[in-house]
Amino acid sequence: MIKNAIALGLSVFLLSCGSNASKEETSTEMETEQVVDSLLYFRQNKMKTDFLARNFPDLGRQEAAELQLASLSRELAAGAELAGWKMGGTVGDSTKFDPIMGYMLKANGHQIGEKIPIGEFPEKEIMIEGEVGFVFKKDFPDGVKSMDELKEGIDYAVAAVEFAQSNAIGIDGDASTLQTNHVFAFDTGQAGYLLGDSPIPFADFDVENETVECFVNGELAASGQSSNIYKGHLNALYALANLLPKYGQQIRAGEVVITGSMYTNPTVTSASEIELKFKSLGEIHFDITD
């Protein structure tokens, strides 16, 4: 399915660029590889682009997932290490749940107290998401059959920050032409993450009642709570555990999963001091620098 969609979209893209490539040179397999080349180029160069919106205006969910995971395969083959996954636990005001995931690489992890250049992120802007991370102690190659089975596989909870900013934009910046699937193909806006240093054994964590406040330059910029995660953190984890095997992936022991922001995210575009205060998971401090 994705090969046909990519073949059509990339043919248009190549023609618009004046390419004289022959049919043999632009086989379906090569076209898929070339699209992944483009996605990785924009990500690695911190660029926003309407490449997907312009060439794949009707990109489907399955196609988007396959593009994201083809990018992951390419990065792993080049030596990258998988740290875990993000799951779309919140959408707007949490009136609906759209189960899409993104992968996180160890190379994109940051540390408490770190000074992080704004240039690390697409077009030098980043959303600061206050989340909860769950580290697993069991593999789930076939998903989970019950919530109890899921809970038994979680080792501990930890405070987390996601740095979120998608490379995907609408055609000429027109948001009406941007689809969720364009963002999904670009790894769901996953631009980096940071984990806290005060983990709590999952059995002792009040998973339904965590809260967080986010301060930017000493001013309260956002606050939220676990109830902002649609049907709760465990709902997001349960959905992810059963979604990944459909794409040939799985949650593995030692991996972390973050489950969505607990508040409406502030965006940072310049040097800023950031502090997140969690109810039971401690505090996270770091600086964004110019």
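Q: If Ala, Val, Leu, Ile, Met, Phe, Trp, Tyr, Cys and Pro count as nonpolar, Asp, Glu, Lys and Arg as charged, and the others, Gly among them, as polar, how many residues of each class are in the lining of the second largest pocket?
A: In this predicted model, about 310 Å³ of space lies in the second largest pocket. Its lining consists of 16 residues, and those closest to the centre are Arg43, Gln44, Lys46, Asn108 and Ala191. Sorted by class, the lining has seven nonpolar, five polar and four charged residues.

Q: Which element gives the largest share of the lining of the second largest pocket?
A: Two elements, helix H2 (28-44) and strand S7 (190-195), each give two or more residues to this lining. The largest share, three residues, comes from H2.

Q: Which helix gives the largest share of the largest nonpolar core?
A: The largest nonpolar core has 74 residues, and those that touch the most other members are Trp85, Met101, Ile128, Phe134, Leu276 and Phe286. Seven residues, the largest share of this core, come from residues 233-243, which form helix H7.

Q: Why does the distance between the end C-alpha atoms of helix H4 agree with its number of residues?
A: Helix H4 covers residues 61-77, and its buried residues include Leu67, Leu69 and Leu72 as well as Glu63 and Glu75. Because each residue counts for 1.5 Å, the 17 residues of H4 should span 24 Å. The end C-alpha atoms of H4 are apart by that expected value, 24 Å.

How values were computed:
Residues numbered from 1 in each chain as written. Predicted model: local features only at pLDDT ≥ 70, side-chain atom pairs only at ≥ 80, totals over all residues. Heavy atoms only, no water. Core = buried A, V, L, I, M, F, W, Y, C linked by side-chain atoms within 4.5 Å. Buried < 20%, exposed > 50% of the residue type's maximum accessible area, 1.4 Å probe, protein only. Helix = DSSP H or I, 4+ residues; strand = E, 2+ residues; numbered from the N terminus. 1 Å grid on protein atoms, 1.4 Å probe; cavity = no way out; pocket = protein on both sides within 12 Å on 5 of 7 lines; lining within 4 Å. Points joined across faces, edges and corners; volume = space filled by probe spheres on them. Nonpolar A, V, L, I, M, F, W, Y, C, P; charged D, E, K, R; others polar. Expected span 1.5 Å × (residues − 1).
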